[in-house]
Amino acid sequence: MCGLVGFIARAQAPQAMVQAERVVRSMFEAMRHRGTDGERVFVSSSSQAVLAHRRLAIVSQEEHGIQPMTTHDGRYTIVFHGEIYNYKNLAQELKAAGVQQPFATDTQVLLYGFAVWGVAVFRRVRGGFACVIWDNERQKAFFVRDEFGIKPLYWAPAVIDGVAGILFSSEIKSLLASGLIARKINYSALSDYLQYAAVHAPNTLVEGVSSLEPATVMTVGEDISSEEFWDIAHVQTGATDGYFHDYAQSVREEFIQICELYTDINLDLGVFLSGGIDSTALLGITKKLLGRSVQTFSLGFASPTSSVVDESALAQKTAQSFGVEHREIMVDGYM
């Protein structure tokens, strides 16, 4: 899961860094549950950035993945949570570009990819992630969230020892632990939640706290600016004429390629199985790619309602047809 927190001052502020570090450590403690495989706090030499990270190691248990992580030249430092599924391919591209670095984790690839390609690296990656990258040379921070908003990143303006800046975290609870964010309800966001059962970025239920929007790079320095690095409207769909069979085959090939990225890892894999076509297809392709059985998991409801459908029986039949080990968790209660 991992978790990141920090403070970016809008200008050099050596007098505020001691207090800023105390605030960040308070936020850090509030998200201890997000990682037990490592923790570290970084304070920039420019007295402008405090970054902290809790690690839950997935790709590698080695020290290569410890964060905050800094490039060898000291310019860029990253805190990152999520997973980049095509990091091995990107590592090869970086080596071809002349980067002499033994890439063992996706964090390293994202960090050095940013150093080489800048914001364009985020158009190359496949995965779910959020990160903050500090550029010590330009004295700017780059807040980034994946194109579908799979991983969260929250931020809020704050003043520490008279210095204006931005607090950020993987969780709103951690931001509140700073003691600098008023615990006030955002009633506009509450209205959205009651109407749509969701609050859409950049809004959150806490007034003054924003959620970074998906596919966005927010640059924080003396000024704050944002840009999108991806838009679904720009996705190339190929020719507009053809037979249904051709389109079906094209979708199948893309689907297999994506599954190959997800399964290219030396870890036990499981599939969350519902009664739908998508998870069934995912199970079939995953089992075929791995050449062995996988574990499947499903969630059932002991007391279904008009708004909650129990698909556990169908999921169990699907698992049986594929001959995989299936585990079912039943939830009782009402939604």
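Here is a friendly walk through a predicted model, in questions and answers.

Me: Let's start with the sheet that contains β4; which strands stand at its edges?
Reply: This open sheet has six strands, paired in the antiparallel sense, and the order runs β4-β5-β6-β7-β11-β12. An edge strand here pairs on one side only. The two that fit are β4 (69-70) and β12 (224-228).

Me: Within that sheet, which residue of β7 stands opposite W134?
Reply: Strand β6 covers residues 127-135 and strand β7 covers residues 140-145. The two pair in the antiparallel sense over six bridges. Across from W134 you will find A141.

Me: What angle does the direction of helix α3 make with that of β5?
Reply: Helix α3 takes in residues 106-117 and packs on the sheet. The strands it touches are β4, β5 (76-84), β6 and β7. Relative to β5, the direction of α3 makes an angle of about 130°.

Me: Now for the sheet with the order β2-β3-β1-β9-β8-β10; which strands have a single partner there?
Reply: This is an open sheet of six strands with antiparallel pairing. Two strands stand at the edges, so one side of each is left without a neighbour in the sheet. These are β2 (39-43) and β10 (210-211).

Me: Which residue of β10 stands opposite W155?
Reply: Strand β8, residues 154-160, pairs with β10 in the antiparallel sense. That pairing runs over two bridges. The residue opposite W155 is S210.

Me: At what angle does helix α1 run to β3?
Reply: Helix α1, residues 17-29, lies across β1 (3-9), β2, β3 (49-54), β8 and β9 (163-169). Its angle to β3 is about 20°.

Me: Turning to charges, are R34 and E171, which form a salt bridge, buried or exposed?
Reply: The closest N and O atoms of R34 and E171 are 2.8 Å apart. R34 sits in the loop between α1 and β2, while E171 is in the loop between β9 and α4 (172-176), so to speak a link between distant parts of the chain, 137 residues apart. As for accessibility, both residues are buried.

Me: How many residues apart in sequence are the parts tied together by R124 and E93?
Reply: R124 and E93 form a salt bridge, with the closest N and O atoms 2.6 Å apart. Each counts as partly exposed, because R124 has 34% relative accessibility and E93 has 34% as well. R124 lies in the loop between α3 and β6 and E93 in helix α2 (residues 87-96), so the separation in sequence is 31 residues.

Me: Which residues are joined with E29 into one network of salt bridges?
Reply: The side chains of E29 and R32 meet in a salt bridge at 2.9 Å, N to O. E29 counts as partly exposed at 44% relative accessibility, and R32 does too at 39%. Through salt bridges that share partners, the network joins E29 with R32 and R54.

Me: Which side chain makes a polar contact with that of S174?
Reply: S174 has its place in helix α4 and counts as buried because its relative accessibility is 0%. Leaving aside neighbours within four places in sequence, its contacts are V5, M27, F28, A30, M31 and S169. The side chain that joins S174 in a polar contact, at 3.3 Å, is that of S169.

Me: On to the rings; what kind of aromatic pair do F114 and F122 form?
Reply: F114 is buried with a relative accessible area of 5%, and F122 is buried with 1%. Both also belong to one aromatic cluster, together with Y76, F129, F142 and F229. Their ring centres are 6.0 Å apart with 45° between the planes, and the pair is tilted.

Me: And what kind of pair do F148 and W230 form?
Reply: F148 is in the loop between β7 and β8 and W230 in the loop between β12 and α6 (244-263), 82 residues apart. F148 is exposed, with a relative accessible area of 55%, whereas W230 counts as partly exposed at 27%. The ring centres are 5.1 Å apart and the planes stand at 65°, so the pair is edge-to-face.

Conventions
Residues numbered from 1 in each chain as written. Predicted model: local features only at pLDDT ≥ 70, side-chain atom pairs only at ≥ 80, totals over all residues. Heavy atoms only, no water. Pairing = 2+ DSSP bridges. Helix = DSSP H or I, 4+ residues; strand = E, 2+ residues; numbered from the N terminus. Contact = heavy atoms within 4.5 Å. Axes fitted to C-alpha atoms, helices over the stretch in contact; angles between N-to-C directions. Salt bridge = Lys/Arg side-chain N within 4 Å of Asp/Glu carboxyl O. Buried < 20%, exposed > 50% of the residue type's maximum accessible area, 1.4 Å probe, protein only. Polar contact = N/O pair within 3.5 Å; in protein donor to acceptor, adjacent residues only side chain to side chain. Phe/Tyr/Trp six-rings, centres within 6.5 Å; stacked < 30°, edge-to-face > 60°.
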